[in-house]
Amino acid sequence: MKELQFEAKPERPDPLFARRLQEILGGQYGEISVAMQYLFQGFNLRMEGKYKDLLYDVGTEELAHVEMLATMIARLLDDAPAGTLEQASEDPAMAAIIGGMNPQHAIVSGLGAMPQDSNGYSWTADYIGASGNLIADFRANVMAESQGRLQATRLYEMTNDRGVKDMLSFLIARDRMHQNMWLAALQELEEREGVVVPSTFPSNQELKSVAYDFYNFSQGNASAEGRWAHGPSIDGCSYFNYVPNPPAYGGIPSIPPAPPYTFNTNFNIPPQLC
């Protein structure tokens, strides 16, 4: 399909805002990140069915959002001034534009979008998580959609361009759906597997005596007021226990000196001064 999922037409060029939009395109929580995250979660899921389809469906939609943002950025860069510093000094408005736009939009991409954030740092696959555990992955997805929606709402408040606001309004609404969707999927999975990841690790192999203790490592006892410090645990298997003065379960570490060939500081080996 050649049509955009939603229109991406600004009322006027604005190279400064084009730079800002790069954040939700190629930043840590941008559309490139969530598209790759959902698709690789789908690729790595070794079972067929509704969850694999869900990941492919939403990952593909996020690619549509990448296209929308790239189109909007290109249109915001239309007729962007690339004048000399001498010209800029004669026109304060042009100076502000030249100083605030990403120069790579003019030099590298030919007035087009780039897989970068708003400061020009390149997108990296280090931003994505695809572990093969659906509960862990879907929780990461809720966080990514929450951060993405937060950034889109902040950008919405930074512009008066009706066309840009309309596109951001669409993305903000889709982020609402995606947060609800991942939470619904998590609810299904948690009802089946519980809330602790991974649920398949043998319970008798973890040290249960410390599994529900909350350790207070700060001054005062304000943290004792939290839900995490008292009452039934969220997994329903025990009760939270507040420990105001956590004990040290281990001794003082004593590690033997490194071997001589490391040339570490070692007072047992005489120095060779001359």
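Trainee: Is Asp 117 buried or exposed, and which side chain of opposite charge is nearest?
Mentor: Good place to begin! This is a predicted model, where local features need pLDDT of at least 70, side-chain atom pairs count only at pLDDT 80 or more, and totals for chains, interfaces and linings use all residues. Residues are numbered from 1 along each chain as its sequence is written, and side-chain values use heavy atoms, leaving out hydrogens and water. Asp 117 is buried (under 20% relative accessible area, 1.4 Å probe, protein chains only) and has no salt bridge (a side-chain nitrogen of Lys or Arg within 4 Å of a carboxyl oxygen of Asp or Glu). With Lys and Arg counted as positive, Asp and Glu as negative, and His and the chain ends not counted, the nearest side chain of opposite charge lies 7.6 Å away and belongs to Arg 19.

Trainee: Which backbone nitrogen, besides that of Asn 119, lies 2.9 Å from the side chain of Asp 117?
Mentor: Let's take the pair you named: the side chain of Asp 117 reaches the backbone nitrogen of Asn 119 at 2.9 Å. A polar atom of that Asp 117 side chain also lies 2.9 Å from the backbone nitrogen of Tyr 121.

Trainee: Which residues is Asp 117 in contact with, leaving aside neighbours within four places in sequence?
Mentor: Contact here means heavy atoms within 4.5 Å. By that rule, Asp 117 touches Gln 22, Glu 23, Gly 26 and Gly 27.

Trainee: What radius of gyration does the chain have?
Mentor: The radius is taken over C-alpha atoms, and the globule rule is 2.2 Å times the number of residues to the power 0.38. A compact globule of 274 residues would come near 19 Å, but the chain has 26 Å.

Definitions and conventions. Buried < 20%, exposed > 50% of the residue type's maximum accessible area, 1.4 Å probe, protein only. Polar contact = N/O pair within 3.5 Å; in protein donor to acceptor, adjacent residues only side chain to side chain.
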